Amino acid sequence: MTYSKASKGTVYLVGAGPGDPGLLTLRGKDLIQNCDTLVYDYLVHPVVLNFPGKDCERIYVGKKAGNHSKSQEAIQALLLEKANEGKCVVRLKGGDPYLFGRGSEEAFFLKENGIAFEVVPGITAAIGAAAYSGTPLTQRNASSTLVMVTGHEDPEKPETMVDWDNLPHANTTLCVYMGVSRLDAIVERLQKAGYADSIPVACVEWATLGRQRVCRGDLGTIIMIANDFGLKAPAIIIIGENAGMGDQLSWFESKPLQGRRLVVTRSQGQASELSEQLELLGAEVIGLPLISIEKNVDKQTAADIFAEIATYDWLVFSSPNGVRFFFETFFEKFDDIRSLGFLRIAAVGKSTAKEIKKFYVTTDLIPDEANASSLADALVATDSLDSAKVLLISGNLGRDILTKKLEEARAIVDRFEVYKTEATELAENPTAKLFREQGADAILFTSSSGVKSFVDQAKDLILEADAVRPKSISIGPITSASMVQQGMPMNFQAKEASLESLVETVVENFGKTE
Ligand code: SAH
């Protein structure tokens, strides 16, 4: 079986891919979402670290050059300890675990210690860099040999394992990993071995991520070019005829928001349509999970309500989360949708109705405007509320206005809280950490509650000295007013209060002009 669930007491060596979270395998994602312990490296994207549930223990063991936070022995001992505790452990490694990642050492160690392990391959950095920089690694008539080589060892030292003198020359593409700090020595060594100065070179920094940069030259010029460019690790150095294609096949860098880092505030675990749209335009999006929304159902209340579920006349939903958590709870008790009885269903707006549709249930009433007050008015206008039983599905912050208006129309209203909203812990959160360290070009606010949560949690979002100071962008007048009220700058406001208009505003002000 290749696609089985995660097992307890097993260590999964998972390749995280080169950076872009979309390049993680399905198997990898599935395991990350279901593991008890996640042991991860420096280059793993923070978005991926937010895949597991809140109970998953995340342990950073990264090795940024010169800053070893845990020795290899300590990492292995940790894997052993967690597996012996019966945990399902994911050991997440950048790129592919068996390519310059010491994955094999970990696998041997686990085997010696009788721990079950599995390996999930990942897209290695060179493959990612090639695709996202427009540098095919092989090409008929130009390159038919591919060499992946580590630049980590000092090529001048006799003990180097790499046979620099005998690497193939003709029709070959060389991909050098970990080569940035030794670029001079590598170039010199290749020249000595007979590589021509005219061989093209492309260096791809932070490949596949919004912040990807590429510099190009040839063996004779690349040291100077990389110096001026300020090339830094992590980068893949591609050497060979195909590296000389320039930007003919580039697609990633020509996206309007490529190279821009944008912050979107959202609730934890919630897929954001806005983030997706911005990423499609090439931006690096940091989703700051300011609030978490969790299922929270009182067992007794659920039992009471379900005992008489068939006696309700209206079932009213005021958010997509309410729909999701209500049906989840409902199907824990019943296994047939007909147990709902003959009630009618109302939703506050289109997204809520869309969520209801996922359960093959049609919504009978949606107000013109998506807010609690309009929903109440629309229900009253049906003239069906006198002595009617209404079941209102809500979170802990549900608005009382709905209950009040329905009761005024003589309905009997039961409120059923199915989830709760809370501030998330940002101090240790990987995305918040990324924001503090690097800042962003802009922060996008889409609601007053987002502004408020941001201000409430500002102490965990203080930027480090050399981080980029972001501009603030608002979706519309109500959000802007909240920003001003909270003492925040408001640099740009979308023309119309819609996601499309917000994205347009971002492109207008932060997009590439050429
Ligand atoms: N197992 C990894 C390689 C780890 S060695 C893999 O298969 O990709 C670390 C080196 O990988 C870095 O020094 C750099 O050369 C390369 N690397 C990793 N991620 C990269 C990225 N996003 N862009 C460019 N190079 C990257």
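## Tour: two helix pairs and a five-stranded sheet

Select Pro320, Val323 and Arg324 in helix H10, which meet Ser351, Thr352, Glu355 and Ile356 in helix H11; contact here means heavy atoms within 4.5 Å. This is a predicted model, in which local features need pLDDT of at least 70 and side-chain atom pairs count only at pLDDT 80 or more, while totals for chains, interfaces and linings use all residues. Residues are numbered from 1 along each chain as its sequence is written, and side-chain values use heavy atoms, with hydrogens and water left out. Helices (H or I, at least four residues) and strands (E, at least two) are DSSP runs, numbered from the N terminus.

Now show the two helices whole. H10 and H11 pack at an angle of about 20°, their axes 8 Å apart. Axes are lines fitted to C-alpha atoms, for helices over the stretch in contact, and angles run from 0 to 180 degrees between N-to-C directions. H10 is therefore roughly parallel to H11 (under 35 degrees counts as roughly parallel, over 145 as roughly antiparallel, 65 to 115 as roughly perpendicular and the rest as oblique). Their crossing is right-handed (the near helix is turned clockwise from the far one by less than a right angle).

Stay on H10 and colour its buried residues (under 20% relative accessible area, 1.4 Å probe, protein chains only): Asn321, Gly322, Val323, Phe325, Phe326, Phe327, Thr329 and Phe330. They pack against several elements, including strand E14 (284-295), helix H9 (299-307) and strand E18 (412-423).

Next, select residues 145-150, strand E8, and residues 213-218, strand E11: these are the edge strands of the next stop, each pairing on one side only. The open sheet has 5 strands in the order E8-E9-E12-E10-E11, with mixed pairing; two strands pair if DSSP finds at least two bridges between them. Inside it, E9 (residues 172-177) and E12 (residues 235-239) pair in the antiparallel sense over 3 bridges. Label valine 176 to find isoleucine 237 of E12 opposite.

Add helix H5 (residues 125-133), which lies across E8, E9, E10, E11 and E12 and runs at about 70° to E12. Then add helix H7 (residues 222-229), lying across E10 and E11 at about 155° to E11.

Last, select helix H6 (residues 183-192), which packs with H7 at about 165°, the axes 10 Å apart. That makes H6 roughly antiparallel to H7. In this pair, Leu183, Asp184 and Val187 of H6 meet Ile222, Ile223 and Ala226 of H7.

How values were computed: Buried means under 20% relative accessible area, exposed over 50%, partly exposed in between (1.4 Å probe, protein chains only).
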